[in-house]
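Reader: Could you take me on a close look at one part of this model, the surroundings of the ligand, and then show me how that part sits in the rest of the protein? I would enjoy one connected account rather than a list.

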Amino acid sequence: MAIAGVFVLLGLRRGLAPLIRLRDAVRSPDRSDLDPVEVPGAQSEIRPLIDALNAYMERVRAQMAAQRRFIANAAHQLRTPLALLSTQASYALRESAADRRQEALVALQASSGRLARLAEQLLTLSRAEPGSRRPRADRIDLTEAARQVLEGQAPKAVERNIDLGLEETGPVPVIGDGTMLREMIVNLIDNALRYSKPGGSVTVKLAASNGEAELTVTDAGPGIAVEEREHVFERFYRIAGATEEGSGLGLAIVREVVENAGGSVTLGDAPAGGLRVEVRLPLASSDDGAR
Ligand SMILES: Nc1ncnc2c1ncn2[C@@H]1O[C@H](COP(=O)(O)OP(=O)(O)OP(=O)(O)O)[C@@H](O)[C@H]1O
Ligand SMILES: [Mg+2]
């Protein structure tokens with residue numbers, strides 16, 4: 001019995017040795033974080049474990065790199081309007097003529113508004129990030145949400161002399177986070193108003209069919225070239241030569257919110273030129289309301 005026990009122990013030690021080496025390799029203080037683990041002489045049994053561990057660390061590393069890029073970009077985007085704000089404040093302070101001072105203050109107010117919008121967009125993106133918080137699953141009427149957003153955007157439409165209209169035939173219930181869904185619509189309408197020519201028209205249309213909610217925003221602007229359509233959804237991406245102000249976050253927010261809610265977004269051509277953005281979301285069924 002004793003001899004058999006010694007053999008079992010020896011066998012176990014031999015069998016566990018590669019795992020212990022793997023543990024030491026992971027713990028090793030020489031290893032910089034998330035570098036691939038290497039266990040010399042590891043047998044084929046634990047090779048798949050090492051490969052899986054390394055593949056996982058590679059994914060985490062890529063995610064961390066993306067986060068770092070995002071923070072650097074965000075800080076850069078915030079720095080420019082902050083510097084402008086400070087210049088405008090100094091200018092207003094120096095100016096003794098009442099009308100010039102008024103002008104400088106109006107410009108300062110506009111810059112702080114843009115800064116607030118950027119902060120709002122950054123916050124929305126960080127909330128939409130997977131794992132940042134439990135996604136809300138409320139029953140939302142997309143038609144009502146669109147109507148609220150349209151009311152909020154109406155002054156901008158009036159200012160640009162754009163005919164902003166809503167076409168709907170009743171409630172379109174979906175399951176999702178109301179704040180995020182409204183933010184998604186805000187960004188679509190903001191783009192449509194901003195990139196359209198003054199005097200044009202923007203139409204928001206809602207429909208429900210075949211278990212799908214459909215929201216389309218159509219404008220009469222220049223549209224987006226086919227080869228740019230995938231890129232414009234990237235964070236901070238703006239089409240070269242853009243004259244309007246912006247940070248390139250609007251469509252990134254749209255895509256993230258829509259995908260979080262289990263839907264899809266596509267860009268196309270409006271019948272009369274311009275851009276047509278189509279958002280499709282799963283329609284809430286009548287028993288979803290019980291949640
Ligand atoms: N309706 C549209 N018509 C024409 N071009 C558009 C339209 N919407 C977006 N674009 C183009 O796609 C780019 C990316 O849009 P996105 O909304 O992501 O960022 P932005 O409008 O530049 O900035 P932000 O929305 O963060 O203020 C814009 O810079 C613009 O060139
Ligand atoms: Mg935008």
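Author: Here is a walk that starts at the ligand, follows the helices around it, and ends at the other domain.

Please keep in mind that this is a predicted model. Ligand 1 is surrounded by 22 residues, and the closest of them are N191, I239, G246, G250 and L251. Two elements each give two or more residues to this shell, namely α5 (178-195) and α6 (250-260). Of these, α5 supplies the largest share, 4 residues. Sorted by class, the shell holds 11 nonpolar, 9 polar and 2 charged residues.

Let us stay with α5 for a while. This helix has 18 residues, and from its first C-alpha to its last it reaches 26 Å, close to the 26 Å expected at 1.5 Å a residue. It is also mostly covered, with 13 of the 18 residues of α5 buried.

What α5 does for the ligand shell is part of a wider picture, for the helix also takes part in the largest nonpolar core. In soluble globular proteins, nonpolar side chains tend to be buried together. The core here has 44 residues, and those that touch the most other members are L142, V174, L181, M184, I185, I189 and V257. The elements that give two or more residues to this core are α4 (142-159), β3 (173-176), α5, β4 (201-209), β5 (212-218), α6 and β7 (275-282). Once again α5 stands out, as it gives the most to the core, with 10 residues. I189 is a nice residue to click on: leaving aside neighbours within four places in sequence, I189 is in contact with V149, Q153, V202, V204 and V217.

Now to the other helix of the shell. Because 9 of the 11 residues of α6 are buried, this helix is largely enclosed by the rest of the structure. The buried residues are G250, L251, A252, I253, V254, R255, E256, V257 and V258. Two of the names in that list, G250 and L251, are also among the residues closest to ligand 1, and V257 is one of the core residues that touch the most other members. The cover over the buried residues of α6 includes α3, α5, β6 (264-269) and β7. After α6 comes G262, which has a positive phi near 80°.

Two loop residues deserve a look for their backbone. Most residues other than glycine have a negative phi, and most peptide bonds are trans. F236, in the loop between β5 and α6, has a positive phi near 70° although F236 is a residue other than glycine. F236 counts as partly exposed because 15 other C-beta atoms lie within 10 Å. N210 sits in the loop between β4 and β5, and N210 too has a positive phi, about 45°, without being a glycine. With 6 C-beta neighbours inside 10 Å, N210 is therefore exposed.

Finally, let us step back to the whole chain. The domain assignment gives domain 1 (1-133) and domain 2 (138-290). Their centres, taken over C-alpha atoms, are 30 Å apart. Where they meet, 10 residues of domain 1 are in contact with 12 residues of domain 2. On the domain 1 side, α2 (47-94) and α3 (98-128) are the elements that give two or more residues. The most comes from α3, with 7 residues. By class, this side of domain 1 has 4 nonpolar, 4 polar and 2 charged residues.

The helix α2 makes a good contrast to end on. Its 48 residues should span 70 Å at 1.5 Å a residue, and its end C-alpha atoms are indeed 70 Å apart. Whereas α5 is mostly covered, α2 is hardly covered, with 2 buried residues among its 48. A74, which lies in α2, counts as buried because it has 20 C-beta neighbours inside 10 Å. R79 is also in helix α2, but R79 has 10 C-beta neighbours inside 10 Å and so counts as exposed. To get a feel for the distances, A74 and R27 are 47 residues apart along the chain, and their C-alpha atoms are separated by 34 Å. For R79 and I3, 76 residues apart along the chain, the C-alpha separation is 74 Å.

Technical notes:
Residues numbered from 1 in each chain as written. Chains lettered and ligands numbered in written order. Near = placed C-beta within 6 Å. Nonpolar A, V, L, I, M, F, W, Y, C, P; charged D, E, K, R; others polar. Domains from an automatic or database assignment. Contact = placed C-beta atoms within 7 Å. Expected span 1.5 Å × (residues − 1). Buried ≥ 20, exposed ≤ 12 C-beta atoms within 10 Å, placed from the backbone. Core = buried A, V, L, I, M, F, W, Y, C linked by C-beta atoms within 7 Å.
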